[in-house]
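Here is a short tour of this protein, from its surface to its core. Please have a look at the model first.

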Amino acid sequence: MEGTHNMRLKVKISSITNHSGMVSVSISYYRKPVDFSILNLSGKPILDGKIESKQHDIDISTLRKGMYFVSINKINYPILHLQSIVIK
């Protein structure tokens, strides 16, 4: 899945993760820093961090199986991209 924003931001996030314990984030239009949050289904942030390059892996090995949301944020742009992921 890909999302865009008026800053020409294009984000690609691997949407289904199994035993690798990682979610890959690829950003084609990138100005650092970009923040990310992993949210539970209630919208509560359970994992936060910074993306420091166009290609970034987020370690989700501590999360339980289920559905989550990955939010990509930047100051002055609260949500640049929001996508669901499934951990099997």
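## A patch on the surface

In this predicted model, Leu41, Met67 and Val86 form a nonpolar surface patch that has about 250 Å² of accessible area together. A patch here takes residues with over 30% relative accessible area and no salt bridge (a side-chain nitrogen of Lys or Arg within 4 Å of a carboxyl oxygen of Asp or Glu); nonpolar side chains (Val, Leu, Ile, Met, Phe, Trp, Tyr) are joined within 5 Å, like charges within 9 Å. Accessible areas follow the Shrake-Rupley method with a 1.4 Å probe, and for residues only the protein chains shown count as cover.

Val86 sits in strand β9. Its relative accessible area is 30%, so Val86 counts as partly exposed, the class between buried (under 20%) and exposed (over 50%).

## The strands

The protein has 0 helices and 9 strands. These are DSSP runs numbered from the N terminus: helices are H or I with at least four residues, strands E with at least two.

## The core

Now for the inside: 38% of the 88 residues are buried. The largest nonpolar core (buried Ala, Val, Leu, Ile, Met, Phe, Trp, Tyr and Cys residues joined through side-chain atoms within 4.5 Å) has 17 residues, and among those with the most contacts inside it are Ile13, Val25 and Ile51. Elements giving two or more residues to this core include β2 (10-13), β5 (34-39) and β9 (77-87).

## How to read the numbers

Residues are numbered from 1 along each chain as its sequence is written, and side-chain values use heavy atoms, without hydrogens and water. Local features need pLDDT of at least 70 and side-chain atom pairs count only at pLDDT 80 or more, while totals for chains, interfaces and linings use all residues.

Note on methods:
Buried < 20%, exposed > 50% of the residue type's maximum accessible area, 1.4 Å probe, protein only.
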